[in-house]
Each structure stands twice: as C-alpha cells, then as structure tokens.
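Open the model in your viewer and keep the sequence panel visible. This tour goes stop by stop: select, look, move on.

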Amino acid sequence: MAAFEATVLPHINAAYNLARWLTRNQQDAEDVVQESYLRALRAFDTFQAGRDGRAWLLAIVRNTCYTWLNKNRARDMYPLNAEDAQLTASTHLDPETQLMDKAAAERIRGAVADIGAEYREVLILREFEGLSYKEIAQIVGAPLGTVMSRLSRARKELQTRLCASAWQAKK
C-alpha cells in the first residue's frame, strides 16, 4: 500500500485537472478520479517499478473518462464557467491588469473547453501538465507522430478560437 501511495498520490492534482477538462464538470471529474484511483489500486500489481507513475495514472484517468463519457454521452456535459474555473493568481498589483488577465484566462478556458476531446486531451497534457510527447503517446495509446499532429491541430484550433473571440470582443 505504501508503494501505491508513493507512486500515485502525488499526482492527484494532475489526475483531477485532466478529468476536469475531459468531463467539463467538477463533480463528474471528482467521480472519475475516484474511480481511476480504485482502478489503479486494483491494477497496481501490474505496475512495473521504475516506470513513470504519473503517465501510468493519467492513462488510467483518461481511459476512465472516456468510459464514463461513453456511458453518459458527451452532450450531457456542461462547459466550464467562470465561477467553477480556478483562476491562476496574477502577480500584477494593478487592478485593471488583474481584470484583463482574468478576462483573458476565461477566454482561453472557454476556447480550450470548445476544442474536440482528442485535441483537448493532448493540449492539456502537454501545456498544462508539462508531459513529454513520449509520455502523452503512452497515455493516449497513440504513436508519437499522431500525438504531435494532434497537438499541432489543437494549437491551431485554439489560436483560431482565440482570434475569433478577440475579434468578437472588439465589436
């Protein structure tokens, strides 16, 4: 049990973050993470010592999310809203700058939430969780080239959505 705790418990925030972005709902993400940890505990005897515990756990979280989404239909999910989202603390002291940073963060969150799941997951894993391409390929069960392609498309989609959002804001 101590080995399990040392291997996977440090990654609970990353697990929740991935589940939150994939399910688009706080309570569902909590349920998915709980189920993922139960699955990880049951399968821990298959975990090979020396392997990356974070990548192993996030693969389980990803698979659990998709199982849950298939059962409950993605159309039943609600996008994140500003009240639910955790905003990053700004280092600026100027209230106007803080307000602008908050608005930009909300636009980014909304744009990321609107990207298709297969692109959103690689974007979250790379940009928010800082995983390598190789780790992401392990997690999503896709070749390295596919991960790179999806990430490129996700970034382009995000850029397009953010440009459209900025254009709408100027109107």
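Which residue just after H2 takes a positive phi? Select Arg24: its phi is about 65 degrees. Arg24 is not a glycine, and its phi is positive all the same. Most residues other than glycine have a negative phi. Keep in mind that this is a predicted model.

**Stop 1: around Arg24**

Stay on Arg24. It sits in the loop between H2 and H3. Is Arg24 buried or partly exposed? Its relative accessibility is 22%, so Arg24 counts as partly exposed; the buried class ends at 20%. Now add Ala113 to the selection. Arg24 and Ala113 are 89 residues apart in sequence, yet their C-alpha atoms are 7.3 Å apart in space.

**Stop 2: helix H2**

Step back to residues 12–23, which form helix H2. Put a distance label on the end C-alpha atoms: they are 16 Å apart. Why does that agree with a helix of 12 residues? At 1.5 Å a residue, H2 should span 16 Å, so the model's distance agrees with the expected one.

Next, colour H2 by accessibility. Nine of its 12 residues are buried, so the helix is mostly covered. Among the buried ones are Trp21, Leu18 and Leu22, along with Asn17 and Arg20.

**Stop 3: the whole chain**

Zoom out and show the cartoon. The protein chain has eight helices and zero strands. Of its 171 residues, 37% count as buried. The accessible surface comes to about 10,300 Å², and carbon and sulfur atoms hold 52% of it. Consider the contacts with a separation of 6 or more: 66% of them join residues 24 or more positions apart.

**Stop 4: the core**

Select the largest nonpolar core, which has 44 residues. Leu58, Leu125, Ile139 and Val140 have the most contacts inside it. H1, H2, H3, H4, H5, H6, H7 and H8 each give two or more residues to this core. H4 (53–72) gives the most, with 11 residues. Where does this core lie relative to domain 1 and domain 2? Domain 1 (1–78) and domain 2 (81–171) both contribute residues, so the core lies between them. In soluble globular proteins, nonpolar side chains tend to be buried together.

Now centre on Leu125. Beyond its neighbours within four places in sequence, Leu125 is in contact with Leu18, Leu58, Gly130, Leu131, Ile136, Ile139 and Val140.

**Stop 5: Tyr133**

Move to Tyr133, in helix H7. Its relative accessibility is 29%, so Tyr133 counts as partly exposed. Show what surrounds the residue. Leaving aside neighbours within four places in sequence, Tyr133 is in contact with Arg126, Leu144, Val147, Met148, Leu151 and Arg155. Label the C-alpha pair Tyr133 and Val147: 14 residues apart in sequence, 6.7 Å apart in space.

**Stop 6: confidence**

Finish by colouring on pLDDT. The chain averages 81, and 83% of the residues score at least 70. Which elements have the lowest and the highest mean pLDDT? Helix H5 (residues 95–114) has the lowest, at 76, and helix H3 (residues 26–43) the highest, at 93.

Last, select residues 76–92. Their pLDDT stays under 50. The model has 27 contacts beyond four places in sequence for this stretch. Where pLDDT is low, the predicted coordinates should not be read in detail.

Terms used. Residues are numbered from 1 along each chain as its sequence is written. This is a predicted model: local features need pLDDT of at least 70, side-chain atom pairs count only at pLDDT 80 or more; totals for chains, interfaces and linings use all residues. Side-chain values use heavy atoms; hydrogens and water are left out. Helices (H or I, at least four residues) and strands (E, at least two) are DSSP runs, numbered from the N terminus. The expected span of a helix is 1.5 Å times one less than its number of residues. Buried means under 20% relative accessible area, exposed over 50%, partly exposed in between (1.4 Å probe, protein chains only). Contact means heavy atoms within 4.5 Å. Accessible areas come from the Shrake-Rupley method with a 1.4 Å probe; for residues, only the protein chains shown count as cover. pLDDT is the predictor's confidence in each residue, from 0 to 100. A nonpolar core is a set of buried Ala, Val, Leu, Ile, Met, Phe, Trp, Tyr and Cys residues joined through side-chain atoms within 4.5 Å. Domain bounds come from an automatic or database domain assignment.
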